[in-house]
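Hi,

Here is the structure I said I would pass on. Have a look at it first, and then read my notes below.

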Protein chains: 2
Amino acid sequence: MKYLKTSFNKMEPYFSKNIDEGIILNANESPFNPPIEVINSFKESLEQFAFNRYPDMQCEMLCEAIAKHFNVLKEQVTCGVGSDELLEVTFRAALEVNDKVLSFSPSFSMYRVFADLALAKFIEVKFNDDLTFCCDNMLKAIKKENPKLIMICSPNNPTGAFLSEQDIIKIVECSNALVLLDLAYIDFADEDYTYLATQYDNLIVYRTFSKALALPSIRVGYAISKKTNIDMINAVKAPYSVTGLSLILATKAIENYNLYENNINIIKNERDKLYTILKEGGFLVYPSKANFLYLKLNDQIYNDLVENKIYIRKFKNDFYRITIGSVIENIELLKVVMKYAKK
Amino acid sequence: MKYLKTSFNKMEPYFSKNIDEGIILNANESPFNPPIEVINSFKESLEQFAFNRYPDMQCEMLCEAIAKHFNVLKEQVTCGVGSDELLEVTFRAALEVNDKVLSFSPSFSMYRVFADLALAKFIEVKFNDDLTFCCDNMLKAIKKENPKLIMICSPNNPTGAFLSEQDIIKIVECSNALVLLDLAYIDFADEDYTYLATQYDNLIVYRTFSKALALPSIRVGYAISKKTNIDMINAVKAPYSVTGLSLILATKAIENYNLYENNINIIKNERDKLYTILKEGGFLVYPSKANFLYLKLNDQIYNDLVENKIYIRKFKNDFYRITIGSVIENIELLKVVMKYAKK
């Protein structure tokens, strides 16, 4: 890559092979399509749709629907191509070269990439040994490193750990660093602290349509914060990044959030059931408030799953992440995994 | 914007008001929806569509269709959220702080924004007085400035000027600078030099589905170049940026390019007809190989158009850009503008 600038020499094209048959439990997708009412309403709106016009760059209809859902002002919301785009833009907007970013580790692997793209320093903060959040570790790191930005994912991907509201407030209040709170999996937890988004000058909350709302195909995420932070994102973000079709579908989805509740509850129940079975089977598995479980397996079990066309996500040191599938998919998964149970 | 980094202090949130009624001739959109065969085929594919799955991050189906259309390898193609995303990423991938970018001026206003986002120096090269391309000016500027990157838009937005193949080759061959050739409007010209994309180490061609293919709503553009340059873009670009629905529609569009030819010819004929009428009316209007005309008007004419709900694009110093509309839209436009004819 002759023309790639030297300060980007660690960037590499990242490609993962698309899987389109079998039981796909590797990408934290919902096993369910969105409610038929949402899909049908989308299809109806296609009849009048002007494919030949640019989408509304302000995503006004969607921002209004999100603002209404969370009881904030529409000026406190912006939308992007997944929360990924908005996170990446925030890193780039806020971070000068060599500024420091703190993040618990392991967490979503793209956070490090976003820091690299901003030429910032990415510093990892340890969880407790049982992979629960250690607020003290973060507070100490903040004091020591004086970061410009703090990245927190709760429930955390890939571990499923949940950071208490009290701890989030401690972290936000203890410095002027900008705290980015990625709540991609919050719909699967028992409480939601999105409301904090507009309470602090230094907090931005990120959410997505890709997980509980079952719309990763349309690539829409959003950020909620005080207007000045939303303005910052909009100043750096590309205009027109969210497609016209995505705007329609996402608006209909959030307006019909209640129709998703049944499927969300199924996923939560399945998660807790799977956790109990795997734990009773002697596996090292971690409590999760997301739509996945993080656990120790081994190559033999992984390969057996692949032979059965069941795909889960592999991490280093024999750690794996299993997305919660449908009831039937989870049974198929357990058929394989439980062959290796120790109890 | 307290948290915006100081090196970005010239960035501002950019918003243009969405217009959704009247005669919209301000955004170089096609007045026609895509062919009904393309739309119907898209709608049929929705029946089996997994909204709950991430799109193919490699855009394989679409890259293959593009590669086939242009007789290149699929490894020589990458797709993004409009050519905007791919251009912005290329600037950021190739340019270190204070590297120089040369661009003819006036051209697409986002090129300067892309340079600002890369913290690069944007240097304007003049057209001839009649707004035709001046290759000599560019060759002299290359020698003087030793740029890292050269941005060329042909047919040029907003002037409509066309750079000859011979001149492009001269510019590409005269230095090692990376030449980005934006061919967003090339379908409306009489010749196409996309084939050059894979002939030079230092040339990348950008094209879009937003203009002749009448799909700005779905935000898809693509780049064609040697594999090493495509790898560079992919190394910096966000994965999964093109939505699943956009991939389907764009693939069907390029596979059915021949169905667009009639509408493209209508637009070209209307453009040439409008040009002749305006010129005969005494207006200063420039020859165009795109789907728009660049001309001098004044505030009075502009305001009269707005009162008639006809929207064109205003530039500084009484320059305006009129997108070619449908036959009826163009008649409505002329009804207003020709009231001010001098002959």
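What follows is a short tour of what I found in it.

First, the ground rules: this is a predicted model, where local features need pLDDT of at least 70, side-chain atom pairs count only at pLDDT 80 or more, and totals for chains, interfaces and linings use all residues. Residues are numbered from 1 along each chain as its sequence is written, chains are lettered from A and ligands numbered from 1 in the order in which they are written, and side-chain values use heavy atoms, with hydrogens and water left out.

Let's start with the two chains. A turn of 180 degrees with a shift of 0.0 Å along the axis lays chain B on chain A with an RMSD of 0.0 Å (a least-squares superposition on the C-alpha atoms of residues with pLDDT of at least 70 in both). That is how a two-fold axis relates copies. Of the interface residues of chain B, 100% are also interface residues in chain A, so the copies meet through the same surface.

Next, the sheet in chain B. Seven strands make up an open, mixed sheet in the order S2-S8-S7-S6-S5-S3-S4 (strands are DSSP runs of E, at least two residues, and helices are runs of H or I, at least four, numbered from the N terminus; two strands pair if DSSP finds at least two bridges between them). Strands S2 (77-80) and S4 (121-126) of chain B are at the edges with a single partner strand each, so one side of each has no neighbour in the sheet. From one strand to the next, the twist averages 25 degrees. S2(B) pairs with S8 (residues 221-224) of chain B in the antiparallel sense over four bridges, and there Gly80(B) stands opposite Gly221(B).

Now for the core. The largest nonpolar core has 196 residues, and Ile66(A) and Ile66(B) are among those with the most contacts inside it (such a core is a set of buried Ala, Val, Leu, Ile, Met, Phe, Trp, Tyr and Cys residues joined through side-chain atoms within 4.5 Å). Beyond its neighbours within four places in sequence, Ile66(A) is in contact with residues including Val77(A), Phe209(A) and Tyr222(A) (contact means heavy atoms within 4.5 Å).

Last, helix H11 (residues 327-337) of chain B. Its buried residues include Glu329(B), Leu333(B) and Val337(B), while Ile328(B) and Lys335(B) are exposed on the other side of H11(B) (buried is under 20% relative accessible area, exposed over 50%, partly exposed in between, with a 1.4 Å probe and protein chains only).

Cheers

Conventions. Axes are lines fitted to C-alpha atoms, for helices over the stretch in contact, and angles run from 0 to 180 degrees between N-to-C directions.
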